[in-house]
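User: I'd like a close look at how the inside of this protein is put together, written for a beginner. Please start with the main core and work outwards from there.

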Amino acid sequence: MSGTLRELQRLYDELVQSADACRLDRYSASAKPTKSSNWFWQKFVSHSSVSPVKGLYLYGGVGTGKTMLMDLFFHQLPASWRAQRIHFHNFMLSVHSRLQKHKGLEDPLEVVGLEIADESILLCLDEFMVNDVADALILNRLFRHLFNNGIVLVATSNRAPDNLYEGGLQRDLFLPFISTLKERCVVREIGSSVDYRKLTSAEEGFYFIGKDISGLIKQKFQQLVGDQSAGPQVVEVVMGRKLEVPLAADGCAYFRFEELCDRPLGAADYLGLFKKFHTLALEGVPIFGLHNRTAAYRFVTLVDVMYETKARLLCTAEGSPLELLERIVTISNAQQIAPRTSSRSRKSDDLDLCVDNELGFAKDRTISRLTEMNSREYLEHHSRMSAVLPSS
């Protein structure tokens with residue numbers, strides 16, 4: 001940890017020393033738009049303004065303090081600096097939205113890179129992860145433009161750069177991005193055998209285990225909304241798309257699991273949902289395995305979005321957070337399991353084993369977050385925050 005703190009201090013000191021060269025201060029003359037920062041003009045004037053300061057890429061297991069350290073760093077920055085702290089999900093949604101806006105241009109990614117660099121020279125990305133071929137292909141070219149326009153990147157991830165998008169489609173086209181990332185950032189691993197998020201006082205006030213207990217969650221949901229009358233609502237989530245909420249009132253939304261995770265929904269839909277609601281009542285979270293791998297991916301994304309937006313989860317599930325994801329394993333885990341079980345002696349549970357590196361790496365993070373989201377500290381913080389929010 002001390003080495004990581006020294007790297008953060010190194011980065012901060014170098015940024016302060018090179019603030020003018022990096023064009024960090026939005027009010028300084030060097031940061032104001034000129035012809036050379038206009039995308040049209042840059043079609044004719046070729047130049048590169050790579051930052052003199054190397055960024056920082058922090059990676060390690062769940063609950064090791066990566067996000068906390070990045071947030072501490074970000075909140076110490078001068079308010080006048082062109083800096084942005086954003087979750088990777090939100091960042092990619094913004095990129096896709098900008099690409100849609102500039103569709104038809106010869107190189108829309110070049111324009112997007114210029115726009116982002118104009119807004120934020122220092123970019124802090126939390127939870128850097130790549131599990132989509134479209135994002136993988138975009139990132140290589142996008143970050144080439146970003147780095148050439150002086151971006152300094154600070155990122156957190158569960159994965160080392162060399163393990164990003166491991167086993168993904170057309171990964172050979174993604175590999176140049178890894179090389180660029182390691183060239184433009186100091187890479188630092190944060191190791192810890194302790195998940196600090198699990199050191200909270202967990203209570204089972206909002207997480208109920210068992211099958212066929214829909215009556216219980218509806219009763220708890222009604223207690224949350226009080227005298228408010230709950231009914232169906234339609235929420236606009238992203239780019240004109242709408243999501244039907246079966247029951248909603250007083251900032252609380254009720255769904256059955258399959259309505260949120262067995263449908264073609266993604267991070268953009270979930271982010272739109274939690275702009276409107278601060279609490280989700282989710283009925284019937286199943287044990288995950290090979291048979292419902294796609295739903296597991298969506299559930300992991302849902303938990304990530306809820307954690308990032310500090311939303312509250314009331315749910316019924318077939319098992320504890322650990323039991324829900326017990327059958328999800330990485331390739332290396334599966335290789336350790338295989339010698340111990342012959343094809344004839346395997347339990348029926350093993351037949352539903354889901355070998356998936358991306359899900360396997362996300363598993364610990366999801367278990368940790370579900371545990372923290374059910375802690376007294378998290379729920380008390382949510383109550384304080386939702387008390388000052390307007391009702392839906």
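Analyst: Contact here means that heavy atoms lie within 4.5 Å of each other. This is a predicted model, in which local features need pLDDT of at least 70 and side-chain atom pairs count only at pLDDT 80 or more, while totals for chains, interfaces and linings use all residues. Residues are numbered from 1 along each chain as its sequence is written, and side-chain values use heavy atoms, with hydrogens and water left out.

Let's begin with Leu-302. Setting aside residues up to four places away in sequence, Leu-302 touches Leu-260, Cys-261, Tyr-270, Phe-274, Leu-280 and Leu-282. Leu-302 belongs to the largest nonpolar core, a group of 59 residues. Such a core is a set of buried Ala, Val, Leu, Ile, Met, Phe, Trp, Tyr and Cys residues joined through side-chain atoms within 4.5 Å. Buried means under 20% relative accessible area, exposed over 50%, and partly exposed in between, using a 1.4 Å probe and protein chains only. The members that touch the most others are Leu-260, Leu-282, Phe-299 and Leu-302. Helix H12 (residues 293–308) gives this core its largest share, nine residues. (Helices, H or I with at least four residues, and strands, E with at least two, are DSSP runs numbered from the N terminus.) Apart from this core lies another, of 35 residues, including Val-112, Leu-123, Val-130 and Leu-164. In soluble globular proteins, nonpolar side chains tend to be buried together.

Two of the partners of Leu-302, Tyr-270 and Phe-274, bring us to helix H11. Eight of the ten residues of H11 are buried, so this helix is largely enclosed by the rest of the structure. Its buried residues are Ala-267, Ala-268, Asp-269, Tyr-270, Leu-271, Gly-272, Leu-273 and Phe-274. For the protein as a whole, 51% of the 392 residues count as buried. Among contacts with a separation of 6 or more, 81% are between residues 24 or more positions apart.

Now for the empty spaces. On a 1 Å grid over the protein atoms alone, a cavity is a set of points where a 1.4 Å probe fits but cannot get out, and a pocket is an open set with protein on both sides within 12 Å along at least five of seven lines; lining residues have an atom within 4 Å of a point. The largest pocket has a volume of about 930 Å³, where volume is the space filled by probe spheres set on the points, joined across faces, edges and corners. Its lining holds 34 residues, and those nearest its centre are His-89, Asn-131, Asp-132, Asp-135 and Thr-301. The elements that each give two or more residues to this lining are H5, helix H7 (133–148), helix H11 (267–276), H12 and helix H16 (357–373). H5 makes the largest contribution, with six residues.

There are closed spaces too: a search of the whole structure finds two cavities of 30 Å³ or more. The largest cavity encloses about 210 Å³. It is lined by 20 residues, with Met-129, Asn-131, Glu-358, Ala-362 and Arg-365 closest to its centre. H12 and H16 each supply at least two residues of the lining, and the largest share, five residues, comes from H16.

H5 also leads us to the sheet. Five strands form an open, parallel sheet in the order S2-S3-S4-S1-S5; two strands pair if DSSP finds at least two bridges between them. Strand S2 (83–87) and strand S5 (185–190) stand at the edges with a single partner strand each, so one side of each has no neighbour in the sheet. Strand S1 (residues 55–60) pairs with strand S4 (residues 152–157) over four bridges. One of the bridge pairs joins Leu-58 to Thr-156 in S4. Helix H5 (residues 88–101) packs on the sheet, touching S2 and strand S3 (122–126).

Finally, look at three loop residues. Tyr-165 sits between S4 and helix H8 (175–184); this residue is buried, with a relative accessible area of 5%. Its phi is near 55°, a positive value in a residue other than glycine. Asp-250 also has a phi near 55°, but it is partly exposed, at 23% relative accessible area. Asp-250 lies between strand S8 (241–249) and strand S9 (252–256). Asp-352, in the loop between helix H15 (348–351) and strand S13 (354–355), counts as buried at 13% relative accessibility. Leaving aside neighbours within four places in sequence, Asp-352 is in contact with Gly-289, Leu-290, His-291 and Arg-327.

Notes: Axes are lines fitted to C-alpha atoms, for helices over the stretch in contact, and angles run from 0 to 180 degrees between N-to-C directions.
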